[in-house]
Amino acid sequence: MPSFFLKQEKSSIESRRFVGDKMTHSSRDHAAHWGLSCASFLLFTAVSVLVGTTSAFGVVKRDTPLLMEKLVLGTVALPNVPGGSFQLLSDAYERGFCRFDLARSYGGGKCEELFGQWLDKSGVNREDLLLITKGGMGNDKYGDPNRPMCSKESIQSELSASLEALKTDYVDMYMLHRDDPRISAGQFVEWMNELREDGLIRAWGVSNWNLKRLEQAHDYAISRGLMPPSATSPQLSLAVPSDEVWPTTHSLSCPSKVGEIEWYKANGVEIMGWEALAKGFMAVPTLWREHEVNLSTFHGPDAEIGSETWRMQRIQRAYCTQLNYARRRIATQLAKESGMSLAQVALLYSLAKGEHVSVLVGADRCSHLDEMAAIRDWSLDDEAFNCLTAATKKSSVVSRVAAEIQEAKEATVSLQKKVLVTPSTTQSFNETMISSVVEPVLA
């Protein structure tokens, strides 16, 4: 099923790019037809045998492969790719990756420049790509709420710089990288629609906005016949952050956010989750093991903003929690039993949140690209999803959490489509509630 974003823009790309599951570009037929390396194919074969004999707590074969557009390739690490960014982007394109996530703030514009150089010299047809870039933060790198206010002129200037660096006349999706509550949601809607009317963007969205602000933007646009935001990009991962990962960011990872996720689905807003692998916590089973994390990370003073110590503090404070370690152990077990990797299981978990969900994924080598592309044919079964959500395999707790999530979903559906979904009206649990029933099991 195409993403909500694709329903609105570039509906003919699929017919140009694929014939069945085979690319029309002759030089890419073999790679796109299989969508994975020889090693990944052997992995799939092993998984097929396992899945055929597993009735619960496992991965199951999808009826139709997941569209590659659901796997949005991040570019923040392009300047540091070991084999060079040009080769990585070419390898990604050969494997069917066609959506790329960029931002004016990534590398101070360097990431957009590297991508633009590749686009200019690779011979790739621009119309075969879906480019997403973000702006609106000016020179702020870390989400400072007191940064200089953006304006229509500053956004236009940032977008112009992005287009020049990317060597393209337009982007398929332009996202406001952070919210600025000092500016009305309606004003942002007006500015974004002007950019669209000028032919510089095809659609627009927001990153790290809360539901209330996005709903205000949506209602303002609909009431005036303007294009509403068609995508939102929050943190979304198997690892539920204990607090903001980065300043002024927003997360939908906690099970208590099911109402928000359902609201986006009902209103045609795609969710593009960032940090799906929690900076490696949900990719490497031994990363930051519990006994290795320094307690000063959680209780010491904050390091200088922007420093490596500050970054590590933010990451570990957010992700190194008892419940997340429990989820990682369960996911690692599931990966081992299914012949998959921890990263693949984590990505499948985020995608299982809804048909309107996509994930932003990073890679710095071909093996990572193959690993990501290989999940297209698979999904988690209900038991696996519920165990990971509840952070336990204890059946009584899993059943309780699953029941409350389903109840919250049904409550959301019963509300008016445009009524603001709040935690009090859609669910009665949160990460703290899960902790209260799971901690005795973990002890």
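**Helices, pockets and a cavity in a predicted model**

Helix α6 covers residues 110-122, and at 1.5 Å a residue its 13 residues should span 18 Å; the C-alpha atoms at its ends are 18 Å apart, which agrees with that expectation. The structure described here is a predicted model. Within α6, the buried residues are Cys111, Glu112, Leu114, Phe115, Gly116, Trp118 and Leu119. The cover over these buried residues includes the helices α5 (85-94) and α7 (152-166), together with the strands β5 (99-101) and β6 (130-135). Just after α6, Gly123 has a positive phi of about 85°.

The loop between α6 and β6 contains Asp128. The relative accessible area of Asp128 is 3%, so this residue counts as buried, the cut-off being under 20%. The side chain of Asp128 is joined to that of Tyr93 by a polar contact of 3.4 Å.

For the chain as a whole, the secondary structure comes to 19 helices and 12 strands. The chain has 443 residues, of which 55% count as buried. Among the contacts in the chain with a separation of 6 or more, 79% are between residues 24 or more positions apart.

Helices α10 and α16 were examined next. In α10, seven of the nine residues are buried, so this helix is largely enclosed by the rest of the structure. The buried residues of α10 are Val258, Gly259, Glu260, Ile261, Glu262, Trp263 and Tyr264. Gly268, which follows α10, has a positive phi near 70°.

Helix α16 (residues 382-390) is likewise largely enclosed by the rest of the structure, because seven of its nine residues are buried. In α16 the buried residues are Ala384, Phe385, Asn386, Cys387, Leu388, Thr389 and Ala390. At the start of this helix, the backbone nitrogen of Glu383 has a side-chain oxygen of Asp381 within 3.3 Å. Just after α16, Ala391 takes a positive phi, of about 65°.

Helices α10 and α16 also take part in the lining of a cavity. The structure holds one cavity of 30 Å³ or more. The volume of the largest cavity is about 110 Å³. Its lining consists of Cys254, Pro255, Lys257, Val258, Ile261, Tyr349, Lys353, Phe385, Thr389, Ile405 and Lys409. At least two of these lining residues are supplied by each of α10, α16 and α17. By class, seven residues of the cavity lining are nonpolar, one is polar and three are charged. Val258 and Ile261 of α10 are buried, as are Phe385 and Thr389 of α16, and these four residues are among those that line the largest cavity.

Open pockets were considered separately. The largest pocket holds about 1,600 Å³ of space. Its lining is made up of 49 residues, and those nearest the centre of the pocket are Val76, Ala77, Glu275, Lys279 and Arg311. Two or more lining residues are given by each of α12 (308-319), α14 (342-351), β11 (357-361) and α15 (366-373). The lining of the largest pocket divides into 23 nonpolar, 15 polar and 11 charged residues.

The second largest pocket has a volume of about 680 Å³. It is lined by 27 residues, with Leu351, Ala352, Lys353, Gly354 and Glu355 nearest its centre. The elements that each give two or more residues to this lining are α10 (258-266), α14, β12 (378-380), α16 and α17 (395-414). Of these, α17 provides the largest share of the lining, four residues. By class, the lining of the second largest pocket has 13 nonpolar, five polar and nine charged residues. Lys353, one of the residues nearest the centre of this pocket, also lines the largest cavity.

A further loop was examined beside α12, one of the elements that line the largest pocket. Ala303 is located in the loop between α11 (296-299) and α12. Apart from its neighbours within four places in sequence, Ala303 is in contact with Thr309, Trp310 and Gln313. Ala303 and Gln313 are 10 residues apart along the chain, and their C-alpha atoms are separated by 7.8 Å.

Methods: Residues numbered from 1 in each chain as written. Predicted model: local features only at pLDDT ≥ 70, side-chain atom pairs only at ≥ 80, totals over all residues. Heavy atoms only, no water. Expected span 1.5 Å × (residues − 1). Buried < 20%, exposed > 50% of the residue type's maximum accessible area, 1.4 Å probe, protein only. Contact = heavy atoms within 4.5 Å. Polar contact = N/O pair within 3.5 Å; in protein donor to acceptor, adjacent residues only side chain to side chain. 1 Å grid on protein atoms, 1.4 Å probe; cavity = no way out; pocket = protein on both sides within 12 Å on 5 of 7 lines; lining within 4 Å. Points joined across faces, edges and corners; volume = space filled by probe spheres on them. Nonpolar A, V, L, I, M, F, W, Y, C, P; charged D, E, K, R; others polar.
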